[in-house]
Amino acid sequence: MNRFLSFWGALVLFLGAFVGFLAHERGQVQAQETAAPGVTVLYDFKFAQPAYRYDLNDDQIGSLKSDGQSTEDGRVLGLTVADFDLGSSYRVDYHHSWLDSNYSVWLNEVTVQFGYKALTVYVTNRYDPNSCAFKTTLSHENDHVNIHRDLYLKYQLILRQAMADNPTLPDADHPYLASSLDEGKAQIEGRISAILDPIFQQFRQEVADDQGSLDTPDNYYTLHNQCSDW
């Protein structure tokens with residue numbers, strides 16, 4: 001009889017512990033789902049102050065020129081070089097129960113990185129700093145800087161709007177289901193990239209187009225006519 005009672009006592013304790021574990025699992029999921037409603041979006045926007053260099057000759061500046069940048073009459077007298085910072089980082093959370101083969105994965109926070117790590121203006125060292133040629137070339141390169149600054153301000157707004165208008169980022173109430181945590185992270189990363197990458201590509205193209213519109217034969221002809229000491 002004592003053995004019989006001990007068996008049933010142990011069974012009751014096991015069932016109680018199992019029910020308690022299920023309640024704990026449900027409680028964890030509920031806590032995680034209600035702890036972070038929505039997705040926090042942060043913005044890492046930065047525009048580097050232009051750095052000016054006047055110590056290189058024409059050939060040295062020409063070696064810095066990337067494909068697609070215009071030259072003046074086959075010579076590079078000045079150049080503006082931009083180093084962009086375009087990307088994102090994120091934090092995820094997840095739930096996985098031994099009762100369920102799937103992982104519920106959602107986004108807690110995403111940071112949009114957009115801006116300029118560096119912006120360097122070069123003017124050839126064969127111009128005297130007090131000469132008309134130097135001042136005209138520097139003014140022209142500052143026009144390039146202004147284009148970068150205007151597009152930087154423009155695309156801040158575009159990125160903010162894109163993130164605000166996009167309902168497809170998985171939050172705690174609408175997680176992705178995946179067979180593994182890595183698969184869930186890959187889904188989230190793909191969703192973020194699908195929002196941001198087209199905008200980054202559009203930004204790069206608009207930078208190239210607007211900068212190219214400044215480096216035209218007509219504009220260079222106008223520059224040449226401003227000075228006699230080229």
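In this predicted model, F45 counts as buried, because its relative accessibility is 17% and the cut-off for buried is under 20%. Its ring partner is Y43, and the two form a tilted aromatic pair, with 5.2 Å from centre to centre and 45° between the planes. Why is this pair called tilted? Planes under 30 degrees apart would count as stacked and planes over 60 as edge-to-face, so an angle between these limits is called tilted. Y43 itself has a relative accessibility of 26% and therefore counts as partly exposed. Y43 also has a charged neighbour: R160 lies over the face of its ring, at 4.4 Å from the ring centre.

A second ring pair shows another geometry. Y116 and F203 form an edge-to-face pair, 6.3 Å from centre to centre and with 85° between the planes. Y116 belongs to strand 4 (residues 103-123) and F203 to helix 4 (residues 181-214), so this contact ties together parts that are 87 residues apart in sequence. Are the two residues buried or exposed? Y116 is buried, with a relative accessible area of 1%, and F203 is buried as well, at 0% relative accessibility.

These two pairs belong to a wider picture. The count for the model comes to 14 aromatic pairs. Ring pairs link Y43, F45, F47, F84, F114, Y116, Y152, Y155 and F203 into a cluster. Both pairs described above, Y43 with F45 and Y116 with F203, have their residues among the members of this cluster.

Strand 4 appears again when the strands are considered. How many of its 21 residues are buried? The number is 18, and strand 4 is thus described as mostly covered. Strand 4 pairs with several other strands, including strand 1 (residues 40-47), which runs parallel to it and is joined to it by eight bridges. Within strand 1, V41 stands opposite V110 of strand 4. Strand 2 (residues 51-53) also runs parallel to strand 4, with three bridges between them, and here R53 stands opposite Y122.

On the antiparallel side, strand 3 and strand 4 pair over 18 bridges. L86 stands opposite F114 of strand 4, and F114 is also one of the rings in the aromatic cluster. Strand 5 (residues 176-178) pairs with strand 4 in the antiparallel sense too, over three bridges. There, S104 stands opposite L177 in strand 5.

Charged side chains add a further set of contacts. Side chains of opposite charge can pair when their charged atoms come close. In this model the count comes to seven salt bridges. One of them joins the side chains of D58 and R126, at 2.8 Å from N to O. D58 lies in helix 2 (residues 58-62) and R126 in the loop between strand 4 and helix 3 (132-164), so the bridge ties together parts that are 68 residues apart in sequence. The two partners differ in their surroundings: D58 is buried, with a relative accessible area of 17%, whereas R126 is partly exposed, with 39%.

Another salt bridge connects strands that also pair with each other. The side chains of D83 and K117 meet at 4.0 Å, N to O. This pair links distant parts of the chain, with D83 in strand 3 (residues 78-95) and K117 in strand 4, 34 residues apart. D83 is partly exposed, with a relative accessible area of 36%.

The two helices named earlier are also in contact through charge. K154 forms a salt bridge with E206, and the closest N and O atoms are 2.6 Å apart. K154 is in helix 3 and E206 in helix 4, 52 residues apart, and the pair thereby links distant parts of the chain. Which of these residues is buried and which is partly exposed? K154 counts as partly exposed at 36% relative accessibility, while E206 counts as buried at 18%. Helix 4, the home of E206, is also where F203 of the edge-to-face pair lies.

Finally, some charged residues are connected in a group. D44, K46 and D85 are linked in a network of salt bridges.

Key
Residues numbered from 1 in each chain as written. Predicted model: local features only at pLDDT ≥ 70, side-chain atom pairs only at ≥ 80, totals over all residues. Heavy atoms only, no water. Phe/Tyr/Trp six-rings, centres within 6.5 Å; stacked < 30°, edge-to-face > 60°. Buried < 20%, exposed > 50% of the residue type's maximum accessible area, 1.4 Å probe, protein only. Helix = DSSP H or I, 4+ residues; strand = E, 2+ residues; numbered from the N terminus. Lys NZ or Arg CZ within 6 Å of the ring centre and 35° of its normal. Pairing = 2+ DSSP bridges.
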